[in-house]
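Me: I'm new to reading protein structures and would like a close look at one part of this one. Could you walk me through how the strands fit together?

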Amino acid sequence: MKHAIGLMAVLALTLPGCTGLKIPFFGGDRDRPVVQTPGADTPRPAARPGSTPPPAGADSAEAFDTTSSAERSAAAATPTAPDRLLGKTVASLGDPADPGFWALTPLVDRPQPGRLVYAATGKGVLVDLRPRAAAAGAGTQVSLAALRVLGVPLTALTELTVYARAP
């Protein structure tokens with residue numbers, strides 16, 4: 001009993017310091033996912049040539065996705081050359097501060113052009129496939145911009161089909 005009272009006292013003193021934290025059991029926005037944004041002291045990845053990093057105060061998918069409508073249209077284009085099937089993978093949102101169209105996947109061992117297809121929407125997106133040092137079944141991290149083109153819920157674990165494209 002003493003331990004339970006002590007634990008409750010620690011929680012009572014700790015939780016008030018968690019401002020902005022949305023815990024479903026304690027109220028807050030129950031239907032809105034929590035977005036954790038990097039602080040000013042959090043290092044962001046270096047911008048790739050031709051890409052714009054998100055602003056320091058980004059706090060939504062729209063703010064983090066700095067791609068233009070023209071870039072999204074180009075990424076959604078259907079390729080004319082046949083693609084080579086690499087496999088299926090369970091995908092999740094990668095680093096939202098890393099701009100552009102990319103997928104970090106264990107299905108490749110070197111960077112190469114690729115395409116992701118989401119069967120539920122029938123949409124595809126052209127991406128840069130980046131190797132991920134993990135087992136083949138470890139899953140794939142996908143850029144915010146690519147997931148938005150595919151129409152994938154940002155908080156979901158989704159099965160995607162991965163193709164390699166001819167360079």
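**How the strands fit together**

Reply: Keep in mind that you're looking at a predicted model. Here, 6 strands make a closed barrel in the order 1-5-2-4-3-6, and the pairing is mixed. Going from one strand to the next, the twist averages 45 degrees.

A bit of background helps here: strands of a sheet pair through backbone hydrogen bonds, and they can do it parallel or antiparallel.

Let's start at strand 4, which covers residues 123–131. On one side is strand 2, residues 102–105, running parallel to strand 4 and joined to it by 4 bridges. To find a spot on your screen, look for Ala103, whose bridge partner in strand 4 is Leu129.

Now for the other neighbour. Strand 3, residues 112–118, pairs with strand 4 in the antiparallel sense, over 7 bridges. Leu129 turns up again here, since Gln112 stands opposite Leu129 in strand 4. Strands 3 and 4 also form a hairpin, with 4 residues between them. In that turn, check out Gly122, which has a positive phi of about 75 degrees.

Back to strand 2. Strand 5, residues 140–142, runs antiparallel to strand 2, and 2 bridges join them. Ala103 shows up here as well, standing opposite Val142 in strand 5. So how is Ala103 placed? Ala103 has Leu129 as its bridge partner in strand 4 and stands opposite Val142 in strand 5.

One side-chain detail to finish: the charged end of Arg115 sits over the ring of Tyr163, 4.7 Å from the ring's centre. As for aromatic pairs, a search of the whole structure finds 0.

Conventions
Residues numbered from 1 in each chain as written. Predicted model: local features only at pLDDT ≥ 70, side-chain atom pairs only at ≥ 80, totals over all residues. Heavy atoms only, no water. Pairing = 2+ DSSP bridges. Helix = DSSP H or I, 4+ residues; strand = E, 2+ residues; numbered from the N terminus. Axes fitted to C-alpha atoms, helices over the stretch in contact; angles between N-to-C directions. Phe/Tyr/Trp six-rings, centres within 6.5 Å; stacked < 30°, edge-to-face > 60°. Lys NZ or Arg CZ within 6 Å of the ring centre and 35° of its normal.
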